Amino acid sequence: MGYLGVVSIGIGGMVGGGIFAVLGLATQLAGGGAPVAFAIAGLVALLSAYSYARLSVGYPSRGGTVAFLNRAYGPGLLTGGLNVLLWLSYIVMLSLYSSAFGSYSATFLPEALQPLGRHVLLSAAILAITTLNMFSADVIGRAESWVVGLKLAILLFFVAVGLGGVDFHRVTPAGWESPLRLVAGGMIIFLAYEGFELIANTARDVGDPSRTLPKAFYSAVGFVIVLYVLVALVAVGNLPVGRIVAAKDYALAAAARPFLGDFGFMLIAVAAMLSTVSAINATLYGAARFSYIIAKDGELPAFLERKIWNRPLSGLFLTSGATLVVANFFDVSSISTMGSSGFLIIFGAVNGAGVRLADSVGGRRWISAAGVAACGLALAALLWQTFVNSPGQLVVLVVLVGLAFGIESGYRRFSGRGEIRAGEGGR
């Protein structure tokens, strides 16, 4: 693979369903400072990209994050718990994408039917894509590059047309929320940047990886930071904050209406539906196989590594079922808080791996240490803001992390299997 191919994987992984789902959340917390919130989240992602780049060059593996954690911390409860947390965070991401699909597609229904229709449509999407993955994911997979190109084209069109109508008074510091809320606004939507880690999985297939991988990581994250900041600027600059918050679940489509009319609303809604469908397919495909990998490492029950029709269907069904529950019974804010917190913890651990392995991968320890600090401070800001405004969501997050390490600890205690086979994923 060449530089442009690797960059496209990173951009495609980040510009999935996230931006369509989380713009309203960022605006609700940061107000007119939503573009700043996206920039703050992007800087944390950029610091983490450094550790990923160095580790990918030093330890090329299709295992990506799993391989780095195993290499840095060795087999044990910490690594196993983090791997399970990563899998649960993928389920949360799937739930966010599904929720966004339901919200945008429900806008085409009569208003009275929208609340129920949203749940029916998001559930239908999950079940349909699960069925597709039972037999072959190639149908959507073959169209993935076209979907990525289409959603980028529509977002760039949104920015190009909308910039001319931006009221910059709406985005001046006078309209920003407090610094803490700005940071929290950035962190609650942090999972919109998560997909750059997919570049690490290409390490063995890249020509001249020591040059290509770092450039690809920084280019992909840098491009998406600029894109997200401009999208947020156009949205907040064209539509009052109150109206964006009111249309939180489909805020991006609502933001297109002032300068593109009903056509703009429908264009963004269709783009969101296509984007979230492709994101659900790619993430469900990856998460099912991820559960298979960590089961083979002895960190999840053995039934998840059994293949049916030469596919890891047990992991597929478990992931899909959990997604149905989370997407239907938790609101977007809770889902985003869980997912962003989970990935901040994982990225903090990967930055820690960059610190521990700096000498062997030729990295600068202080940059990875700054990544650890950035993830920690960002997580603290998000948790504090959640505690102040929605303490119930904090309980859900504690349960998510506790569940990850509880599953790992309980499985190790009662099976003894983890101690025997752990670490295979790092090879």
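The protein chain exposes about 16,100 Å² of surface, and carbon and sulfur atoms supply 68% of that area. These values come from a predicted model, in which 57% of the 427 residues of the protein chain count as buried. The secondary structure comprises 17 helices and zero strands, and among contacts with a separation of 6 or more, 83% join residues 24 or more positions apart. The points below turn to helix 2, to Thr 27 within it, and to Gly 185 in helix 8.

**Helix 2**

- Helix 2 runs over residues 18–30, and its 13 residues reach 17 Å from the first C-alpha to the last, which is close to the 18 Å expected at 1.5 Å a residue.
- A kink of about 25° is present in helix 2, and this kink is centred on Gly 24, a residue that is itself among those buried in the helix.
- Because twelve of its 13 residues are buried, helix 2 is largely enclosed by the rest of the structure.
- The buried residues of helix 2 include Gly 18, Ile 19, Phe 20, Ala 21 and Val 22 towards the beginning of the list, and also Leu 29 and Ala 30.
- Helix 2 is followed by Gly 31, a residue whose phi is positive, with a value near 65°.

**Thr 27 in helix 2**

- Thr 27 is found in helix 2 and is buried, with a relative accessible area of 0%, a value that lies under the 20% cut-off for burial.
- A polar atom of the Thr 27 side chain lies 3.0 Å from the backbone oxygen of Leu 23, and Leu 23 is also one of the buried residues of helix 2.
- When residues up to four places away in sequence are not counted, Thr 27 touches Ala 34, Val 236, Val 241, Ile 244 and Val 245.

**Gly 185 in helix 8**

- Gly 185 has its place in helix 8, which spans residues 179–188, and Gly 185 is buried, with a relative accessible area of 0%.
- Leaving aside neighbours within four places in sequence, Gly 185 is in contact with Ala 26, Leu 29 and Ala 37; of these partners, Ala 26 and Leu 29 appear among the buried residues of helix 2.
- The C-alpha atoms of Gly 185 and Val 22 are separated by 9.7 Å, although the two residues are 163 residues apart along the chain, and Val 22 is likewise listed as buried in helix 2.

Note on methods
Residues numbered from 1 in each chain as written. Predicted model: local features only at pLDDT ≥ 70, side-chain atom pairs only at ≥ 80, totals over all residues. Heavy atoms only, no water. Helix = DSSP H or I, 4+ residues; strand = E, 2+ residues; numbered from the N terminus. Buried < 20%, exposed > 50% of the residue type's maximum accessible area, 1.4 Å probe, protein only. Contact = heavy atoms within 4.5 Å. Areas by Shrake-Rupley, 256 points an atom, 1.4 Å probe, with all protein chains shown as cover. Polar contact = N/O pair within 3.5 Å; in protein donor to acceptor, adjacent residues only side chain to side chain. Expected span 1.5 Å × (residues − 1). Bend = angle between axes of the 7 residues up to and from the residue.
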